[in-house]
Amino acid sequence: MNMLPVVGITMGDPAGVGPEIILKSLNNQEIYQQCRPFVIGDAKILDRAQQFVNTNLEIVKIDEVEEAAFAPGKVYCLDMNLVPADLPIGQVSAEAGHAAFEFLKKAIELANEGKIDAICTAPLNKEALHKGGHMYPGHTEILAELTNTTDFSMMLSAPKLKVIHVTTHVGIIDAVKMINPDRVYKVIQLADETLKKAGYSTPRIAVCGINPHAGENGLFGYGEEEEKVIPAVEKAVSEGINVVGPLPADTLFFRTVRGDFDIVVAMYHDQGHGPVKVLGLDAGVNITVGLPIIRTSVDHGTAFDISGKGIADEKSLLEAIRQAIELAPKKK
């Protein structure tokens, strides 16, 4: 019996670089030694992308996951046939945005049915998603709604740096309003649980301040650290979680890369994303934490400006597939 995890890779926006980086990744035969991968998307778009990336893979259409043989040299595609063959490359379209939503919805259904062990997502385009009638900020919120998950967070994983977020796709003023002790505590708890599942015996967690210098004892801000962050850290410490903070964000990420901590709790999108992106756009992997299913993703966008040129780098998707393999429930 094959114990390798089944990983469903969603195509994302079919007008973006998703089809290209999927083909480049699945041209790597080592992937088939580590998992059983297949694509949820559009077979004819994969066929078209082959001419951009110079692969000679056989695109095999399937209607059910069970039909896939997971053989190297072949890409098994659960073909949803939602966009025309001449879909414009590198352009925002309602058709592509709707398709990206449906690919993800199908992956979630398969995960809920126990037919796949993890979902790995290629990028979607938020403008196209909205034009397609799906008013979500991004993948994370779709996943949360379709799995009825209320406590979740975005985690970015890069070499030597893991960051989990208290807030993500909201404006900075709204983010500060949304931060509260319950939410900060929950994210600390999610960080602890996630790293323990990944093999860390006692994860070392550090929490960012909201203001410069973590408020510096009231010098900056209006006491946000004292009101919103410190009670959460104290509660987590009282429960035995190895967490410190709030600490100044301007030095915390350096200290974490140096090895002082295993994960950083960031308060808002750019506080956490900036340091990860500095390490390289192809280095980061986006993981949705708190879901009943494993979901990893590239940490870059649809790159419409280079779509169809065959130059998109697949390293982030390869790493996302590897993270999906690592985090997927182990079969006995």
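Two strands count as paired if DSSP finds at least two bridges between them, and the strands (E, at least two residues) and helices (H or I, at least four) are themselves DSSP runs, numbered from the N terminus. The model is predicted, with local features needing pLDDT of at least 70, side-chain atom pairs counting only at pLDDT 80 or more, and totals for chains, interfaces and linings using all residues. Residues are numbered from 1 along each chain as its sequence is written, and side-chain values use heavy atoms, with hydrogens and water left out.

**Exercise 1.** Determine which strands pair with E12 (residues 294-298), and in which sense.

*Solution.* Begin with strand E11 (residues 285-289), which is joined to E12 by three bridges in an antiparallel arrangement; one bridge partner to locate is Thr-296 in E12, which faces Ile-287. E11 and E12 form a hairpin with four residues between them, and Gly-290 in that turn has a positive phi of about 105 degrees. Next take strand E5 (residues 118-121), which runs parallel to E12 and is joined to it by four bridges, with Ile-294 of E12 as the bridge partner of Ala-118. Finally, consider covering: four of the five residues of E12 are buried, where buried means under 20% relative accessible area with a 1.4 Å probe, protein chains only.

**Exercise 2.** Place E12 in its sheet and identify the strands at the edges.

*Solution.* Write down the strand order first: E3-E4-E2-E1-E5-E12-E11-E6-E7-E10-E8-E9, an open sheet of 12 strands with mixed pairing. The edges are strand E3 (58-62) and strand E9 (243-247), each of which has a single partner strand, so one side of each is left without a neighbour in the sheet. From one strand to the next, the twist averages 25 degrees, angles running from 0 to 180 degrees between N-to-C directions of axes that are lines fitted to C-alpha atoms, for helices over the stretch in contact.

**Exercise 3.** Describe how helix H1 (residues 18-26) meets helix H12 (residues 315-327).

*Solution.* Start from the axes, which come within 9 Å and cross at roughly 65 degrees. Then list the residues in contact (heavy atoms within 4.5 Å): Ile-21, Ile-22 and Ser-25 belong to H1, while Leu-317, Leu-318 and Ile-321 belong to H12. Sorted by class, the contact contains five nonpolar residues, one polar residue and no charged residues, where Ala, Val, Leu, Ile, Met, Phe, Trp, Tyr, Cys and Pro count as nonpolar, Asp, Glu, Lys and Arg as charged, and the others, Gly among them, as polar.

How values were computed. Buried < 20%, exposed > 50% of the residue type's maximum accessible area, 1.4 Å probe, protein only.
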